[in-house]
Each structure stands twice: as structure tokens, then as C-alpha cells.
Amino acid sequence: MRTISAVAATRTCVIVTTLAGGSLVWMSMSAAYGEGGGGAVKPWIVPARAAQKKNPVAADEKSLTLGQQLYVRECRSCHGAAGRGDGKAGIDLEPRPTNLTEPSLWDQSDGAMFWKITEGRGDMPGHKELLTDAERWHVLNYMRSLAPRPPAKEPEFEAPPACGEALSSVVHRYLDLHGALVRSDLNTAQNCCGSFASTLSELAQAQSALDEARRAAWKSDVEAIQKAQAAVSDSSSDLVSLRSAFRDLSASLAQALRHFGHAEASPVLAYEVGQGANSKMWLQAFGPAENPYGRGAPAPDMPCNRFARIRSSGAARVK
Ligand code: HEC
């Protein structure tokens, strides 16, 4: 049987895309990363405050009917009758109009969508002048009805406090590292890699608190994190390789949270956008000043694809 304390790999770098108090950090991170290659669409960055804006218009029948009329008038030519992004006027655009029936659109808050519709980008016209505020919310409500909303996912397993605490400290090291990467602060990032190692061994040890069934899942999650952490450590000589290794670390940590999301003094939400190899994951920290970004914003009511919520458990936070 493998003992987990052997885990303490030398240096770890954790990577998480954090939306502190909204999407600020994620934004600056995408910007900093520049998303090299793959022909991927340039991330469309929404200011945190805009993303947190609540939808003031209930999606009732009246709103949906109005929204549909406005959609036909303003959006259909490009986004298509059914919203699949296949309208005549959109065929030759690059990038193509977004497929509005994609469930992954629910990864974005109403506020974020509203802002995009308002501001536009490239061939997507801004609708500040074309539609009133209320009309933009109606059209958004209608647009939402085109994409099936995926169910929010809760953690699969209950985890005892020891596991929650260990996971919590790993998440915080990861957030620290992420912060350093966002600031392009290599020195601090390297230090974070170092301090991450000790939290990893805690993580491995915490398995003793689990019963047989959950232990297997925990072990495989921890091994994946260790592996990703080792890769991050190996890449810690420069920011570019560090960032690319950070992605795998994000994915492995996200997987653990999906299974065991739990126990955190302030809310941390983990999000997943996209699927398979193209998926991006990030953790979002909100709440009290002790979070790495020192923001006090409450967790906004984000939709969907939330796959783990680290709950407040009163567990001591590991510094
Ligand atoms: C002239 C063509 C055109 C019209 C008209 C148009 N769009 Fe778009 N839309 C686009 C294109 C092109 C994109 C992709 C822009 C990008 O990613 O740079 C887009 C992107 C979007 C997005 C962003 C989705 C995402 O990826 O996050 C939303 C939301 C959206 N459109 C909604 C609407 C709504 C609602 C209307 C009508 C009020 C509308 N669009 C009208 C072309 C259009």
C-alpha cells in the first residue's frame, strides 16, 4: 500500500484561474496568457462588475414573447432562426456568430451576456443604441431559452473535515500561484511552487480519514494533482512554460473538487467551460479579505456548470 506522505514532491505550482470578486482575475489572466495557438477564439473579456449585474427582468411569457420579436428583428439575420449561428448574414463572418443553443453559454452570467450584447465586438454589433436596457434583457431571456441549461453539479462524495481542510489549503496555494502568474511575478510564482509541496503531502495524508470507497477516488485525484504539480515544478524556470503546465494542474485540482468540493472558510466556486481537451477550468474565490486577492465581494449568483462548491465548514484555514 502506498503511503501518501511520499507525496511531498519538491516544488509545486498550482494553477487556477481565479475570478476574484467576479471575473477580474480570470480576465487579466486570459489577457496575460494571450491564449496562444489552436485557432481558438480570442477570449471575450467582461468586466467583473458587469458580469455580476443581476438580470432585473423575470423570464416570464411576456418577456420571452417580446424577446423573440426583438431577436427576429435584431439577431436572427446572423445567429439564425433557431440560434445556431447559421443566419445568412453570418455565414462569411470570422469568427462566425456564436451558436446560441450551446449549453456552455450558461457558464456565463446574465450580466456577462447582457454586457456583450450591449457592447458588441468585431462583427457583433453593440446594441446600446439599437435596443433599450429592458429590450436587451428581454432578448437575453429569449436567447437563454434557446440553450438547454445544464444542471449544476454538486460534489460526488461527502468528505470529512480533514480532507476538506487539506483540499482548502491546496486551493489557497493554487490561488497564490495563480495570483503570481497573473502579475507575471516569476519569483513569487517559484516560491509558491515551493510552498505548494507541503500542502500536497497533507492532501495525501488526509486519505486515512476516508472509507474504502471514497479512498480510491481520493487517491487517484491526489496522484493526478501530484503529477501535475511535478510538471509545474519542472517548468518553473520561466513564466511561459509555467503557465502552460498550470493548465493541467487546474484540471487535476478541478477534478478533485468535482469529487470532494468541500470545506472552505470563504466560498470558492470551481467552474468548467467547454468539454474535453478544449475545456478550461478555473476556481473562483470570493468573500472575506483573507482571500488571496483581498476582495470582499460576495459570491455572485453564477449559473451553471458549477461543479463544485467548497462549503464553509468552519475548518481552520491553512496559511
Ligand atoms: C451582424 C451579425 C450579428 C448580429 C446582427 C448579432 N450578432 Fe451576436 N455575434 C455575432 C458574431 C460574429 C459574434 C462573435 C463575436 C466574437 O466572438 O468576436 C457574436 C456573438 C454574440 C454573443 C457572444 C456569445 C459568447 O461567445 O459569449 C452573444 C451573446 C450574441 N452575439 C448575442 C446576440 C444578440 C442577442 C443579438 C441581437 C440583439 C445579436 N447577437 C446580433 C454576430 C451578430
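The following exchange goes through the confidence, the cores and the ligand shell of a predicted model.

Trainee: What does the chain average in pLDDT?
Mentor: This is a predicted model, in which local features need pLDDT of at least 70, side-chain atom pairs count only at pLDDT 80 or more, and totals for chains, interfaces and linings use all residues. Residues are numbered from 1 along each chain as its sequence is written. With pLDDT being the predictor's confidence in each residue, from 0 to 100, 66% of the residues score at least 70, and the chain averages 70.

Trainee: In which helix is confidence lowest?
Mentor: Helices are DSSP runs (H or I, at least four residues), numbered from the N terminus. Confidence is highest in α4, at 97, whereas the lowest mean, 29, belongs to residues 24-33, helix α1.

Trainee: Which element gives the most to the largest nonpolar core?
Mentor: A nonpolar core joins buried Ala, Val, Leu, Ile, Met, Phe, Trp, Tyr and Cys residues through C-beta atoms within 7 Å, buried meaning that 20 or more other C-beta atoms lie within 10 Å of a residue's own, placed from the backbone. The largest has 36 residues, and α7 (161-182), α8 (186-205), α9 (212-234) and α10 (239-260) each give two or more. With 10 residues, the element giving the most is α7.

Trainee: Which residues come nearest to the ligand?
Mentor: A residue is near the ligand if its C-beta atom, placed from the backbone, lies within 6 Å of it. At least two shell residues come from each of α4 (76-79), α5 (110-119) and α6 (133-146). Of the 25 residues around the ligand, the nearest are Cys75, Cys78, Pro97, Thr98 and Met124.

How values were computed. A residue is buried if 20 or more other C-beta atoms lie within 10 Å of its own, exposed if 12 or fewer, and partly exposed in between; C-beta atoms are placed from the backbone.
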